[in-house]
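User: I would like a close look at a single part of this model, with the rest of the structure brought in as its setting. Please take the details in a connected order.

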Amino acid sequence: MIKFWNKRVQEGIVTESKELESELTVIKKEIQERVTKKFAGSLAIRMVDSGSCNACEAECNALSNPYYDLERLGIYFVASPRHADVMLLSGLLTFNMTPHAKDAYAQIPAPKWIITLGDCPVMQAPFEKNYAINAPVGEHFHVTHHIAGCPPNPLEIMQVFLEFIRKIS
Amino acid sequence: MRFIARYAKELEENFEVITLYDERIDKELLSKEKPITQTLSRKYPVAIWFERKMHDDFGIVFHDAFDTRPLVHQERFPQGLHPLLRAFNQVHLDASKYLPYKYEAIDGDGVFQVAVGPIHAGIIEPGHFQFSQAGEAILHLEVRHFYKNRGIEKMLEGKTLQEAKPIIERISGNETLAYQICYRDIYLQASQQELPLAIAKRNALLLELERIIHHLTDLGFIPNDAGFGAALTFASRLAEDARRKLQELTGHRFGFGAIDFKNHSIDTLSFKAWLHALQKDVLYFQEWITDIPSLWDRFDTTGILSFDEAIKYNVLGVVARASGISQDRRLNKFYIEHGFKMASETSGDVAARFKVRLQEIINSIEMMHNFLQEDTTSLSLESVKDGEYMSFVESSIGELFMTIDIKEGVIERFYVRDPSFINWQALHLMMQGNIIADFPLINKSCDLSYAGNDL
Ligand code: SF4
């Protein structure tokens, strides 16, 4: 363990490349300020995968790595929909996941919002509609915001979170 | 003889059931009026999911099977529909009456059931785990999947190989390069072309980069599931760096569209520098993490899959290599010449799977050095000939098998067997003697794909 602390002290804080760093800092600052104001310091998100390829989930996980570190700004991915403000929905809303996604949404206390993640839920990914797919999600849920991309990268996800928070009154 | 896959297709008059082993292929014709055949599940337990799937897909009945419940079709799926039949062409299904699924359960005094999923606590894919518990101890686990079934096989029928490509590369996002290389090999067989060595090298480099991203992610998440978050912070930074390298090389953070029969320029100097830095970090990580006894207390002897069980269940990839099986699709001349070394552990527990991942990252870094070259070869593709084609690739999870039948220039039948489809069926064997709190740890140590499994 002593080696770990030595390395920790030697290397200090790892920072981003210059261009990304300045962009990230601006976004992070505004997210933090607005979350503090509008969501009493914490915005809780329940991520639901309704039939993705798993790359969208991987990018959400990347939001917690030291580069993006979303939790530090007050945005949390929570374990239960009952703790959530927002459902973040990825995937094609498969026939098999449809009832479970609806259940999860029903469990979120109002006021609540849905943000769709990636091109899949809006049927913009290369998949075609068939018997196993119930997307576009808009036909089944009232969607507030959408994060485009296949998959959207962590920065793009943060940008839409910010847009969302700006619009909420 | 190792069982690899069993799948069916519809011909004019018959169904054909194809069983693939490492040493031979069996083909059997069944009449469409009475499609019945004998199960293989008594000899090869993992054949059961293949057979249950064939029943859902085509209505084929397997005599003497120990399990005949639906697999892909769930509680609200309309009865009597078999979507892979040619005659089936509905693009929408209405949910029908809820018919409960009968889970495998152990009864007894004080024994109770714990249902987990399909939606889980963290950011992970949906799937269901049903435990029979005696207090904390797991008596039995049933893994139930296919929540993510997107009807991929049906979706690809009638498409040209070019049209199918963007869909195939999105079947399982964290294995996309493996899927694309499987597709590449089928394309080359169908167009009767040879792949220039320089392109093979670039593709192999990308596949190893995908592997280390996957393994690095796990090197963080496995200790995190044992309560050691510092490892996740460390390893997820390395994984992010590697993902950015993949973007630099392919223009995409996951490498969608990257296997394109062309070589693109690479800044070999900066790539080499990055590989050196990564190797230093990984070796440091290895030394650091090996020195934390409380962590190994959780890893050692947890979630054991014995050698005999691993053989019996024909498991693949990291899981197989951690249980003493020397099996890897990279065991060939091309890879060995570029420095491939088979990772191997024998204890079959979480610790072994963790160590196999570490060994593989170090070996992949070495191989990437050897694959790296400045080159801009490209291959112009010829048109494809009709036929039945198969290919195999060692993905970051294990052996990936893909087969495509082309008729009149378009896909007649597409089937892919993700290594997860086999390994999921062995997960319950790792539970015996473990407590339920260790389930996430054991599951993560295998890190299987749900999307690739469910199709
Ligand atoms: S939007 Fe793209 S990356 Fe996201 S789940 Fe769909 S196919 Fe995968």
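In which loop of chain B is the place of N314(B)?

Analyst: The model is a predicted one, and what follows should be read with that in mind. N314(B) sits in the loop of chain B that runs between α9 (307–312) and α10 (317–322). Its backbone deserves attention, since N314(B) has a positive phi of about 50° although it is not a glycine. As background, most residues other than glycine have a negative phi, and most peptide bonds are trans.

The chain around this loop can be described next. Chain B contains 15 helices and eleven strands, and its C-alpha trace spans about 65 × 65 × 40 Å along the principal axes. Its radius of gyration is 22 Å, which agrees with the value near 23 Å that a compact globule of 455 residues would have. Within chain B, E10(B) and K32(B) form a salt bridge whose closest N and O atoms are 2.9 Å apart. Because E10(B) belongs to strand β1 (residues 3–10) and K32(B) to the loop between β3 (25–31) and β4 (36–38), this pair ties together parts of chain B that are 22 residues apart in sequence. Over all chains, the structure holds 43 salt bridges.

Chain A, the partner, has five helices and five strands, which follow one another from the N terminus in the order α-α-β-α-β-β-α-β-β-α. Taken along the principal axes, the box filled by its C-alpha atoms is roughly 55 × 35 × 35 Å. Chain A also has backbone features to set beside the positive phi of N314(B), namely two cis peptide bonds that precede prolines, one joining A110(A) and P111(A) with omega about -5°, and one running from C150(A) to P151(A) with omega near -10°. P111(A) is found in the loop between α4 and β4 (113–117) of chain A, while P151(A) lies in the loop between β5 (145–147) and α5 (154–167) of that chain.

C150(A) leads on to the ligand, for among the 13 residues around the ligand, C150(A) is one of those that come nearest, together with C53(A), C56(A), D119(A) and C120(A). By class, the shell around the ligand divides into eight nonpolar, three polar and two charged residues. The site is shared between chains, because residues from chains A and B surround the ligand.

The two chains also meet over an interface in which 51 residues of chain A are in contact with 61 residues of chain B. Between them the chains bury about 4500 Å², with 62% of that area on carbon and sulfur atoms. On the side of chain A, F95(A), N96(A) and Y131(A) supply 17% of the area that this chain buries against chain B, more than any other three residues.

The polar side of the interface can be described as well. Between chain A and chain B there are three salt bridges, and R253(B) forms a salt bridge with E59(A) in which the closest N and O atoms are 2.5 Å apart. Across the same interface, 21 residue pairs are in polar contact, both residues of each pair being at pLDDT 80 or more. Of the elements of chain A, α1 (2–11), β1 (43–49), α3 (55–62) and α4 (98–107) each supply at least two residues of the side that touches chain B. The largest share of that side, seven residues, comes from α3(A). Sorted by class, the side of chain A that touches chain B has 30 nonpolar, eleven polar and ten charged residues.

To return to the part you asked about, N314(B) lies in the loop between α9 and α10 of chain B, where this residue, though not a glycine, has a positive phi of about 50°.

Definitions and conventions:
Residues numbered from 1 in each chain as written. Chains lettered and ligands numbered in written order. Predicted model: local features only at pLDDT ≥ 70, side-chain atom pairs only at ≥ 80, totals over all residues. Heavy atoms only, no water. Near = heavy atom within 4 Å. Nonpolar A, V, L, I, M, F, W, Y, C, P; charged D, E, K, R; others polar. Contact = heavy atoms within 4.5 Å. Buried area = accessible area lost by both parts, 1.4 Å probe. Salt bridge = Lys/Arg side-chain N within 4 Å of Asp/Glu carboxyl O. Polar contact = N/O pair within 3.5 Å; in protein donor to acceptor, adjacent residues only side chain to side chain. Helix = DSSP H or I, 4+ residues; strand = E, 2+ residues; numbered from the N terminus. Rg over C-alpha atoms; globule rule 2.2 N^0.38 Å.
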